[in-house]
Amino acid sequence: MASVAFNRSSRNMQAPANSSIVDRLRSCRGATTEVRGLSAPLQHENSNNVALVCATTTRHTVVCPLDMEQAVAYLRVSTQRQHRSGLGLDAQRAAIQRFAESESLSIIAEFVEAETGKGADALERRPQLAAALSAGRAAKCSVVVAKLDRLSRDVAFVAGLMAQRVPFMVAELGRDADPFMLHLYAALAEKERRLISERTRGALAAKKASGAILGNPHNLTLAGSIGRASLCQAADRFAESLTPIVEAIRSEGANTLRSMAAELNRRGVKSARGGRWYPSAVANLLARV
């Protein structure tokens, strides 16, 4: 936006009706010295810029945009656990906020996602990114992210986002990073991801070749015990829900496993796995009733 400064002697000058402009101008990034006193801001009738005479050591005029540029914020973490902790999101939000303040941007909406950025169908699995693009397109403004990898480390994916014709701004890279630079940084990020993967596989292969056992057997034992406990609880709840039906079948004279299985199937009762009843399944059920 082109800025034009007007002094007090200029014509067509008028004080804006909204006095809150003064507060906005106090934080304007155009001011290079501390503002100790502010005169009434003056605005040209055909300009979106405000001229402000600052009472500083050296009397001068600062010109600031009256309307702040709008932007949409997009934040992403890779897992639900990171999403619940909020640590990664807080860091991204703080970076975007600092960037918005330094560039005089007004964040009109924020979209948060917990999804991996890998895969050719990443955009389909990231509805919040699609919503951010839609909001940016509707408001005719940019989408701001803290770091480029919050979009993706895949060059093809980043190129596909560029084709959406919604401009992106990356707080880490600055406002001057154009689409060409974003493509270059995405290529470097993709290369780094590939190198990390290769180094990890190589290190694991070398450790396995030396006779080491990969993984943590203690974690496997703990996970197995937790899984078995969960299955037992589910089986107990299922058996408890069928207790009235089993008692009704027994009262009708079905006392053998085979006859009880036939009666359960006749009544349309599904087994724990959603299929038909067999004598062995009835025996397991009776052991829990």
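Let's start in the sheet, where strand 5 (residues 69–77) runs parallel to strand 7 and pairs with it over three bridges; two strands count as paired if DSSP finds at least two bridges between them. Strands here are DSSP runs (E, at least two residues) and helices likewise (H or I, at least four), numbered from the N terminus. Please keep in mind that this is a predicted model, in which local features need pLDDT of at least 70 and side-chain atom pairs count only at pLDDT 80 or more, while totals for chains, interfaces and linings use all residues. Residues are numbered from 1 along each chain as its sequence is written, and side-chain values use heavy atoms, with hydrogens and water left out.

Within the pairing of strands 5 and 7, Ala71 sits opposite Ser142 of strand 7. Strand 7 also pairs in the parallel sense with strand 8, again over three bridges, and there Val145 faces Val170 of strand 8. Stepping back, these strands belong to an open sheet of four with the order 6-5-7-8 and parallel pairing. Strand 6 (105–114) and strand 8 (168–170) are at the edges with a single partner strand each, so one side of each has no neighbour in the sheet. On average, neighbouring strands of this sheet are turned by 30° against each other, direction ignored, the axes being lines fitted to C-alpha atoms.

In a regular strand, side chains alternate between the two faces of the sheet. On strand 7, Ser142 and Val144 point one way, Val143 and Val145 the other, and all are buried (under 20% relative accessible area, with a 1.4 Å probe and protein chains only).

Follow the chain out of strand 7 (142–145) and you reach the loop that leads to helix 5 (155–162), where Arg150 is found. Arg150 counts as buried because its relative accessibility is 13%. Leaving aside residues up to four places away in sequence, its contacts (heavy atoms within 4.5 Å) are Tyr74, Arg76, Val77, Gln92 and Arg126.

Now turn to the largest pocket, which holds about 390 Å³ of space. A pocket is an open set of points on a 1 Å grid where a 1.4 Å probe fits, with protein on both sides within 12 Å along at least five of seven lines; lining residues have an atom within 4 Å of a point. Its lining has 14 residues, with Ala235, Phe238, Ala272, Arg273 and Asn284 nearest the centre. Helix 7 (217–251) and helix 9 (279–288) are the elements that give two or more residues to this lining, and helix 7 supplies the largest share, six residues.

Technical notes. Buried means under 20% relative accessible area, exposed over 50%, partly exposed in between (1.4 Å probe, protein chains only). Grid points are joined across faces, edges and corners, and a volume is the space filled by probe spheres set on the points. Axes are lines fitted to C-alpha atoms, for helices over the stretch in contact, and angles run from 0 to 180 degrees between N-to-C directions.
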